[in-house]
Amino acid sequence: MQFKQTVFWAAAILTLACTKVNYVDRIVEVPSYPDLEAPAPDTVVATHARIQFYGAYSETVDRWYLTLFENDGVQYVHEDDEYLGKGNVIVLCMQTAISKGTEKDIPVIAGHYSSPSTYSDLQAGQYEFGYDYPYDHPYKGIRYATYGTYMLNLDGQEYIPRYASDGWFDVRHLDGGTYEVVGMLVDTDFRKHYFKYTGKIEGVTEWNYYFAPNSSLNGDVRLTRTQLPKMEMRRTELPFGKSKNIDVVRVYLTSSSVNVGPQVSYGLEDLSGTGAVMYLEMVVEHGAARLPEGTYQLAPRVDGGYDGAMLTPLHFKEGMPNRFTNREGSWYFNLADNGLWTGDYARIHDGKVTVSYVEGSSEPVISAELTDGENPSHKITIDWK
């Protein structure tokens, strides 16, 4: 019995070892694959470094960006979130103990850094994985900025960031104010990137996170019917409008060459042509036959939304920050042919709007004293009659 079992298993092993398997009346070729070779890892020896304090990540953790450059002459264009030049760049987003974020606090970055266990609860001694995030630009539309830990290979042309998904690095504080940075990161294509730097670290003050300014005004603006001869109004019924008995009327005061089209995306109207636009979101009673007379007070934004208690008739909505393409709230801007903004623009931050009617006319007279919220602030005055 034992002999028969041994013969049986030997026959089975012999069958599995063959390069062809016989299935009744056909033969299936079993392909053989060569060993896959891992791509050769990159090794970057950086020549200079700079560091930016990004701010507190939590009550107990700060965030710093340490950038290592292989070559001199690489420039970072803040308004476009782009690097110009050639050579490798290593960007390390480090979580450290809390500090004041000044140049004298840079030694707080010394230590060992490992990959985080989660995306949402970063701890001191960990780095953030690389990722991109969309942001709205008044002149260029929706763009994507790169954050976290990532690697770049600049060739003077367009480049694609490689986002870190694993790895480690050490930062050592040496004598004489110099540092040694050594590590290895793995990108999302499983390619290894080794890097090393020894030298001083330059502290810089610009933020790595980009927001376009919410006003480009250099002075006060006065808008009259001569400048903005056209008026278009669109009524929007809010999801909760009937329950609160309110609607929002979008008022467009525009130059003669701007056209207000139908709603296309995000419930917004399509704008075409060129010229200035004064855009007001006015809160009115649900079903109001026309824009009611009265003085409209500001309905302020609160934590990315609006104060619901202020979304009542005779209010207008404050401009939502950083909403250039998908505008929300009240704005003044100039339009280009491609639908993007150009020239002066301003988010409406404060002020009041008055609506009245000349006896016998159904067309409103609009006057306003508004400000853009910058420091110092600029006035946007409307005299439309």
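**Exercise 1. Which residues have the most contacts inside the largest nonpolar core, and how many residues does that core have?**

Solution. The model is a predicted one, and the first step is to take the core as a whole: the largest nonpolar core has 30 residues, and those with the most contacts inside it are Met278, Leu291, Ile366, Leu370 and Ile382. The second step is to trace which elements give two or more residues to this core, namely strand 17 (221-224), strand 19 (246-254), strand 22 (275-285), strand 23 (294-299), strand 29 (350-357), strand 30 (364-371) and strand 31 (379-384). Of these, strand 22 provides the largest share, with five residues. As general background, nonpolar side chains in soluble globular proteins tend to be buried together.

**Exercise 2. Identify the contacts of Ile366, leaving aside its neighbours within four places in sequence.**

Solution. Once those neighbours are set aside, the partners of Ile366 are Met231, Val251, Leu253, Leu291, Val353, Thr354, Val355, Ile382, Asp383 and Trp384. Comparing this list with the core, one finds that Leu291 and Ile382 are contacts of Ile366 and also belong to the residues with the most contacts inside the largest nonpolar core.

**Exercise 3. Describe the largest pocket by its volume, its lining and the strands that contribute to it.**

Solution. Begin with the space itself, which amounts to about 380 Å³. The lining consists of 20 residues, and Asp81, Glu82, Tyr144, Tyr159 and Pro161 lie nearest the centre of the pocket. Sorted by character, the lining residues comprise 10 nonpolar, four polar and six charged. Finally, at least two lining residues come from each of strand 7 (82-84), strand 10 (131-137), strand 11 (141-147) and strand 12 (150-155).

**Exercise 4. Is Ala309 buried or exposed, and why?**

Solution. Locate the residue before judging its accessibility: Ala309 sits in the loop between strand 25 (305-306) and strand 26 (315-317). Its relative accessibility is 61%, and because the cut-off for exposed is over 50%, Ala309 counts as exposed. As a further check on its position, the C-alpha atoms of Ala309 and Ala299 are 8.7 Å apart, while the two residues are separated by 10 residues along the chain.

**Exercise 5. What figures describe the protein as a whole?**

Solution. Start from the elements, of which there are two helices and 31 strands. Turning to burial, 44% of the 385 residues count as buried. The exposed area of the protein is about 20,800 Å², with carbon and sulfur atoms supplying 52% of it. Last, among contacts between residues at least 6 apart in sequence, 55% join residues at least 24 apart.

Terms used: Residues are numbered from 1 along each chain as its sequence is written. This is a predicted model: local features need pLDDT of at least 70, side-chain atom pairs count only at pLDDT 80 or more; totals for chains, interfaces and linings use all residues. Side-chain values use heavy atoms; hydrogens and water are left out. On a 1 Å grid over the protein atoms alone, a cavity is a set of points where a 1.4 Å probe fits but cannot get out, and a pocket is an open set with protein on both sides within 12 Å along at least five of seven lines; lining residues have an atom within 4 Å of a point. Grid points are joined across faces, edges and corners, and a volume is the space filled by probe spheres set on the points. Helices (H or I, at least four residues) and strands (E, at least two) are DSSP runs, numbered from the N terminus. Ala, Val, Leu, Ile, Met, Phe, Trp, Tyr, Cys and Pro count as nonpolar, Asp, Glu, Lys and Arg as charged, and the others, Gly among them, as polar. Buried means under 20% relative accessible area, exposed over 50%, partly exposed in between (1.4 Å probe, protein chains only). Contact means heavy atoms within 4.5 Å. Accessible areas come from the Shrake-Rupley method with a 1.4 Å probe; for residues, only the protein chains shown count as cover. A nonpolar core is a set of buried Ala, Val, Leu, Ile, Met, Phe, Trp, Tyr and Cys residues joined through side-chain atoms within 4.5 Å.
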